[in-house]
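Here is a short note to read alongside the structure. Take the points in order, and keep the 3D view open as you go.

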Amino acid sequence: MVARLDGLSLSRLRLAASPVAEATHWMRVALTRSGHPVHGDPGPVARAALRHPDTALAAQLLTPVGQPGYMPDLLTPKPASGPSATVLERQFAAIAATPAEQVAAQVAARYGRRPAPATVRAAVADGTLATRVSAGLRRFWQEALADRWPQVRTLLDAELAERATRMAAGGVGSLLDDLHPTIHWTAGALTVESRFRTETTLSDTEVVVTPSVLAWPQVTVQLCDARDAVLTYPAASPPPGRRGRLGDLVGVSRADILADLDVPRSTGELSRRHHLAPATVSYHLGVLLRSGLVRRRRDQHLVLYQRSTSGDSLVGRPLVGV
């Protein structure tokens with residue numbers, strides 16, 4: 001994905017946290033069985049919140065964690081400028097106010113050639129999808145994330161402060177080029193490595209750059225609609241002194257396996273090296289793969305696993321090899 005930004009757009013670029021985006025990504029985690037690679041399992045309360053019809057409707061619009069695909073932009077409106085205490089309510093209001101034609105177009109893009117679920121089609125047809133999704137996200141926030149928010153907000157504030165300092169020292173281009181290994185700023189163009197091949201030009205557009213704690217380790221982009229332009233990148237992992245041992249985050253065995261994947265290794269080799277049953281190793285690799293912390297490739301009859309860039313950032317070592 002390539003976006004060309006003119007001078008006015010660069011002058012309007014700002015940093016901000018997006019509470020609704022955090023809720024949306026935490027809902028995605030709640031729909032999985034593996035939990036978040038750093039922040040763990042959202043727990044039974046979060047999963048119970050998904051049973052409410054409005055929250056379930058919002059959840060049907062999400063793409064599964066670790067799988068590429070389009071999520072409707074209405075789920076993650078850009079955070080408005082102003083006092084941080086008002087941002088969440090203004091985002092809920094923005095979702096509810098999404099015009100019906102935008103709702104229909106975004107839902108169609110979400111499902112492509114596949115039919116949308118019947119409940120989604122019905123809500124689009126009767127014009128209630130936007131207000132119900134807003135209500136469902138609000139309920140999920142209150143039941144599943146509100147108690148955690150102070151801790152999440154602390155991490156986001158630290159990240160925003162660090163990025164603001166870097167921008168002050170090196171400029172906007174330096175900021176954009178340093179957000180994530182898949183994000184590049186070159187000669188007036190913002191490039192995000194993605195399976196989607198799109199190009200756009202933004203003129204006098206406010207782009208909001210938002211760090212995310214709960215979307216980690218994913219990068220998400222919504223730049224097609226100039227009125228709602230957002231670039232979301234994963235907030236940096238806390239340094240070892242603040243996050244504790246890696247094993248405290250992902251489990252000791254899984255952490256040992258992740259740390260051992262500087263070079264490609266097969267399930268059998270990892271089983272022998274760590275004295276674990278092949279089925280146990282396979283389970284841990286599946287969790288790490290779905291979380292984006294490892295990648296895999298086939299070499300003749302072997303399937304080899306190696307740490308990804310995101311896994312490298314968590315472990316704190318550079319990748320070796322290809």
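1. Let us start with a helix resting on strands. Helix 9, residues 149-177, lies across strand 3 and strand 4. Its direction makes an angle of about 145 degrees with strand 3. Please keep in mind that this is a predicted model.

2. Now look at the sheet those strands belong to. How many strands form this open sheet, and in what order? There are 4 strands, arranged 3-4-1-5, and the pairing is mixed. Strand 3 and strand 5 (199-202) are the edge strands, each pairing on one side only. From one strand to the next, the twist averages 20 degrees. As general background, strands of a sheet pair through backbone hydrogen bonds, and they can do so in a parallel or an antiparallel way.

3. You can follow the pairing residue by residue. Strand 3 (residues 183-186) is joined to strand 4 by 4 bridges in the antiparallel sense. Ile183 has Val192 of strand 4 as its bridge partner, and Thr186 stands opposite Ala189 of strand 4. Strand 4 (residues 189-192) also pairs with strand 1 (residues 2-5), again in the antiparallel sense, over 3 bridges. Here Ala189 turns up as the bridge partner of Arg4.

4. The turn of the hairpin deserves a look. Strand 3 and strand 4 form a hairpin with 2 residues between them. Ala187 is in the loop between these two strands. What is notable about the phi of Ala187? The value is positive, near 50 degrees, in a residue other than glycine. For comparison, most residues other than glycine have a negative phi. Ala187 has a relative accessibility of 79%, so this residue counts as exposed.

5. Let us move to strand 5, one of the edge strands of the sheet. Thr200 lies in strand 5. Is Thr200 buried or exposed? Thr200 counts as buried because its relative accessibility is 19%, and the cut-off for buried is under 20%. Leaving aside neighbours within four places in sequence, Thr200 is in contact with Val2, Ala3, Arg4 and Leu223.

6. There is another sheet to find. This open sheet has 3 strands in the order 9-11-10, with antiparallel pairing. Its edge strands are strand 9 (265-266) and strand 10, and each pairs on one side only. Strand 10 and strand 11 run antiparallel and are joined by 6 bridges. Within this pair, Arg295 stands opposite Gln306 in strand 11. A helix is found here too: helix 14 (residues 278-290) lies across strand 10 and strand 11, at about 115 degrees to strand 10.

7. The loop between strand 10 (294-299) and strand 11 (302-307) holds Gln300. The phi of Gln300 is near 55 degrees, a positive value in a residue other than glycine. Is Gln300 buried or exposed? With a relative accessible area of 69%, Gln300 is exposed.

8. Next comes a pair of helices. In general, two packed helices are described by the angle between their axes and the distance between the axes. The axes of helix 4 (residues 53-60) and helix 8 (residues 129-145) come within 7 Å and cross at roughly 105 degrees. That angle is why helix 4 is described as roughly perpendicular to helix 8. On the helix 4 side, the contact is made by Pro53, Asp54, Thr55, Leu57 and Ala58. Helix 8 contributes several residues, including Leu129, Arg132, Val133 and Phe140. The residues of this contact divide into 8 nonpolar, 2 polar and 3 charged.

9. Finally, find Arg110, which lies in helix 6 (residues 100-111). Arg110 is buried, with a relative accessible area of 12%. Which residues does Arg110 touch, not counting those up to four places away in sequence? They are Gln60, Leu61, Leu62, Thr63, Tyr70 and Pro72. The C-alpha atoms of Arg110 and Pro72 are separated by 6.3 Å, although these residues are 38 residues apart along the chain.

Note on methods:
Residues are numbered from 1 along each chain as its sequence is written. This is a predicted model: local features need pLDDT of at least 70, side-chain atom pairs count only at pLDDT 80 or more; totals for chains, interfaces and linings use all residues. Side-chain values use heavy atoms; hydrogens and water are left out. Two strands pair if DSSP finds at least two bridges between them. Axes are lines fitted to C-alpha atoms, for helices over the stretch in contact, and angles run from 0 to 180 degrees between N-to-C directions. Contact means heavy atoms within 4.5 Å. Angles under 35 degrees count as roughly parallel, over 145 as roughly antiparallel, 65 to 115 as roughly perpendicular and the rest as oblique. Ala, Val, Leu, Ile, Met, Phe, Trp, Tyr, Cys and Pro count as nonpolar, Asp, Glu, Lys and Arg as charged, and the others, Gly among them, as polar. Buried means under 20% relative accessible area, exposed over 50%, partly exposed in between (1.4 Å probe, protein chains only).
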